[in-house]
Amino acid sequence: MYQFNKSVFIQRSPQEVFDVLTNPPKSAQWQSYTDSAEWTSSGPTGVGSMWKTAGKFMGRSVDAELTVTGWEPPRMVSFKSINGPFPMEVTNTLEAQDGGTIVTSTGQADIGGFFKLAEGLVGKQIEKQIDTDNSTLKLLMESNQL
């Protein structure tokens, strides 16, 4: 099981950041591995809501379905993959600080299948993508592009 913990400070309110983090269609604008994403469940968004995503990871096309496992606007959202390249669980916590928000992403991935042979490399790639995506999210939100 590969575990990670990454943070970024964004000069926007927790509610503004939460609204972007919980809008799958916008994820293609700031997540480097996402080409498209959309909600697949109807009704109010919260625990049990589901979405699907399509993109690339380490040069391979990947599709995944995810479900929301925790929902506390605007402080926390967590989700887990139902299918995809490997099981993953992620929790994003948002904390107001100095007129902005610290977003902390913690999670774990059970890297197996095709990726098992290069588990250490895959784990480092996950962290690199989180860092890149956090930087992009920060830039786009602070420049009012998201």
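Two residues are in contact when heavy atoms of theirs lie within 4.5 Å. With that in hand, take Leu137, which touches Ile10, Val20, Leu21, Trp30 and Leu146, leaving aside residues up to four places away in sequence. What you have here is a predicted model, and its main pieces are a seven-strand open sheet, a helix, H1, that packs on that sheet, and a nonpolar core whose largest share comes from helix H3.

**How far to trust it**
- The protein's average pLDDT is 90, and 92% of the residues reach at least 70.
- Helix H1 (residues 14-21) has the highest confidence, at 98, while helix H3 (residues 119-142) has the lowest, with a mean of 86.
- As a rule of thumb, coordinates should not be read in detail where pLDDT is low.

**The sheet**
- Walk across the open sheet and you meet the strands in the order S1-S7-S6-S5-S4-S3-S2, with antiparallel pairing.
- Strand S1 (2-10) and strand S2 (34-39) sit at the edges with a single partner strand each, so each has one side with no neighbour in the sheet.
- On average, neighbouring strands are turned by 20 degrees against each other, ignoring direction.
- H1 lies against this sheet and touches S1, S4, S5, S6 and strand S7 (100-109); the direction of H1 makes about 160 degrees with that of S6.

**Strand by strand**
- S3 and S4 are joined by eight bridges in the antiparallel sense, and Met50 stands opposite Thr67 in S4.
- Strand S4 (residues 60-72) also pairs with strand S5 (residues 76-83), again antiparallel, over seven bridges.
- Thr67 has Lys80 as its bridge partner in S5.
- Three residues lie between S4 and S5, and the two strands form a hairpin.
- On to the next pairing: S5 meets strand S6 (residues 88-97) in the antiparallel sense over five bridges, with Met76 standing opposite Thr93 in S6.

**Aromatic pairs**
- There are three aromatic pairs in the structure.
- One of them is Phe18 with Trp71: the ring centres are 5.0 Å apart and the planes stand at 70 degrees, so this pair counts as edge-to-face.
- Phe18 belongs to helix H1 and Trp71 to strand S4, so the pair ties together parts that are 53 residues apart in sequence.
- Are these two rings buried or exposed? Phe18 counts as buried because its relative accessibility is 2%, while Trp71 counts as partly exposed because its value is 23%.
- Trp51 and Phe79 make another pair, with ring centres 5.3 Å apart and planes at 65 degrees, so that one is edge-to-face as well.
- The Trp51 and Phe79 pair links distant parts of the chain, with Trp51 in strand S3 (residues 50-57) and Phe79 in strand S5, 28 residues apart.
- Both Trp51 and Phe79 are buried, and together with Trp39 they form one aromatic cluster.

**The nonpolar core**
- Which residues touch the most other members of the largest nonpolar core? Ile126 and Leu137 do, in a core of 32 residues.
- S1, H1, S3, S4, S5, S6, S7 and H3 are the elements that give two or more residues to this core.
- H3 supplies the largest share, six residues.

Terms used:
Residues are numbered from 1 along each chain as its sequence is written. This is a predicted model: local features need pLDDT of at least 70, side-chain atom pairs count only at pLDDT 80 or more; totals for chains, interfaces and linings use all residues. Side-chain values use heavy atoms; hydrogens and water are left out. pLDDT is the predictor's confidence in each residue, from 0 to 100. Helices (H or I, at least four residues) and strands (E, at least two) are DSSP runs, numbered from the N terminus. Two strands pair if DSSP finds at least two bridges between them. Rings of Phe, Tyr and Trp (its six-membered ring) pair if their centres lie within 6.5 Å; planes under 30 degrees apart count as stacked, over 60 as edge-to-face and the rest as tilted. Buried means under 20% relative accessible area, exposed over 50%, partly exposed in between (1.4 Å probe, protein chains only). Axes are lines fitted to C-alpha atoms, for helices over the stretch in contact, and angles run from 0 to 180 degrees between N-to-C directions. A nonpolar core is a set of buried Ala, Val, Leu, Ile, Met, Phe, Trp, Tyr and Cys residues joined through side-chain atoms within 4.5 Å.
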